[in-house]
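Work through the following exercises with the sequence and the coordinates at hand. Each task is followed by a solution that goes step by step.

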2 protein chains.
Amino acid sequence: MSNSKLYKGSLTTIILKLLNESDKMYGYEITQKVKALTNGELKITEGALYPALHKLEAEGLLDVEVKKVDNRLRKYYKLTENGEKETTNKLNELANYISTMQALVNPKLSLE
Amino acid sequence: MSNSKLYKGSLTTIILKLLNESDKMYGYEITQKVKALTNGELKITEGALYPALHKLEAEGLLDVEVKKVDNRLRKYYKLTENGEKETTNKLNELANYISTMQALVNPKLSLE
DNA sequence: TTCTTATGCATAATAATCTTAGGTATTATT
DNA sequence: AATAATACCTAAGATTATTATGCATAAGAA
């Protein structure tokens, strides 16, 4: 992920959420999807993405399936049952984080 | 800071914003203010806070003034001119981060 | 009066997460 | 023929935080 240090910690949430919508995706596809959804605002670096995917797999949140398309490898990832639960948790955490930050940064607004 | 890895990277923004509102504050005061504003949701740890304050000072964004109150030291921090500019930048970054995450996590909502 | 909690500062070891910079290989475009 | 796009990967270093300490004074509870 590039552009801002604020994004630190949210990569996992992004991955899980995208997989929750798209059933299965491969790494490169995720980078392109994020770029498209954010109008180029957020670019996930491969040095962050692949280790994150491997970690989620090791934690049992993702399953992998390797496919060969046009003579090139693709590693498709999809959520496990635990992965779906964790997606819910992460999304709740994010919503909570956002409201907490708004309480700090714009206390008047958060009273409305 | 405790509770969530999502907060990583936002401590500097929080410090700058609070100083922008309160003119001058000391470290312990910041931890209490954050706790109060977030209803105990966010607890800034001293191991994160003090190094962050020292770094901001080293970068010329904060000025320090040591005072003795009740025979105890307090180091009051306040924004420099550059600190005020950086506060604006950080708040813009945060607003941008939040809208980006909402575009990713709730694409339908962000179209409204 | 002693013990604990609160106030107030600080640093060091460790962990987590990301950037930067490489590497390999195939396919498509210029 | 060279470059860009597709597709995977890892390692060194930076940044930021947690956890665990340490020191010291003041206030409150046992």
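**Exercise 1. Determine how strand S1 of chain A is joined to strand S3 of chain A, and how the sheet is ordered.**

Begin with the pair itself: S1(A) and S3(A), the latter spanning residues 72–79, run antiparallel and are joined by three bridges, where strands are DSSP runs of E of at least two residues, helices are runs of H or I of at least four, and both are numbered from the N terminus. Within this pair, Tyr26(A) stands opposite Tyr76(A) of S3(A). Two strands count as paired if DSSP finds at least two bridges between them.

Next, extend the view to the whole sheet of this predicted model, which in chain A is open and antiparallel, with three strands in the order S1-S3-S2. Strand S1 (24–26) and strand S2 (62–69) of chain A are the edge strands, each pairing on one side only. Neighbouring strands of the sheet are turned against each other by 35° on average, direction ignored; axes here are lines fitted to C-alpha atoms, for helices over the stretch in contact, and angles between N-to-C directions run from 0 to 180 degrees.

Residues are numbered from 1 along each chain as its sequence is written, and chains are lettered from A and ligands numbered from 1 in the order in which they are written. Because the model is predicted, local features need pLDDT of at least 70 and side-chain atom pairs count only at pLDDT 80 or more, while totals for chains, interfaces and linings use all residues, and side-chain values use heavy atoms, with hydrogens and water left out.

**Exercise 2. Describe how helix H3 of chain A meets the sheet and how H2(A) packs with H3(A).**

First, place H3(A), residues 46–58, which lies across S2 and S3 of chain A and runs at about 125° to S2(A).

Second, take the helix pair: H2(A), residues 27–37, packs with H3(A) at an angle of about 125°, the axes being 10 Å apart. That angle makes H2(A) oblique to H3(A), since angles under 35 degrees count as roughly parallel, over 145 as roughly antiparallel, 65 to 115 as roughly perpendicular and the rest as oblique.

Third, list the residues in contact (heavy atoms within 4.5 Å): Gly27(A), Tyr28(A), Ile30(A) and Thr31(A) of H2(A) meet Leu49(A), Tyr50(A) and Leu53(A) of H3(A). By class, this contact has five nonpolar, two polar and no charged residues, with Ala, Val, Leu, Ile, Met, Phe, Trp, Tyr, Cys and Pro counted as nonpolar, Asp, Glu, Lys and Arg as charged, and the others, Gly among them, as polar.

**Exercise 3. Which residues are bridge partners in the pairing of S2(B) with S3(B), and what phi does Asp70(B) take?**

Start from the count: eight bridges join S2(B), residues 62–69, to S3(B), and the two strands run antiparallel. Among the partners, Leu62(B) is bridged to Leu79(B), and Val64(B) to Tyr77(B). The hairpin of these strands has two residues between them, and in it Asp70(B) takes a positive phi near 55°.

**Exercise 4. Find the operation that superposes chain A on chain B.**

A rotation of 180° with 0.0 Å of shift along its axis does so, at an RMSD of 0.0 Å, the fit being by least squares on the C-alpha atoms of residues with pLDDT of at least 70 in both copies. This is the relation of a two-fold axis. In chain A, the C-alpha nearest the axis belongs to Lys8(A), 2.9 Å from it.
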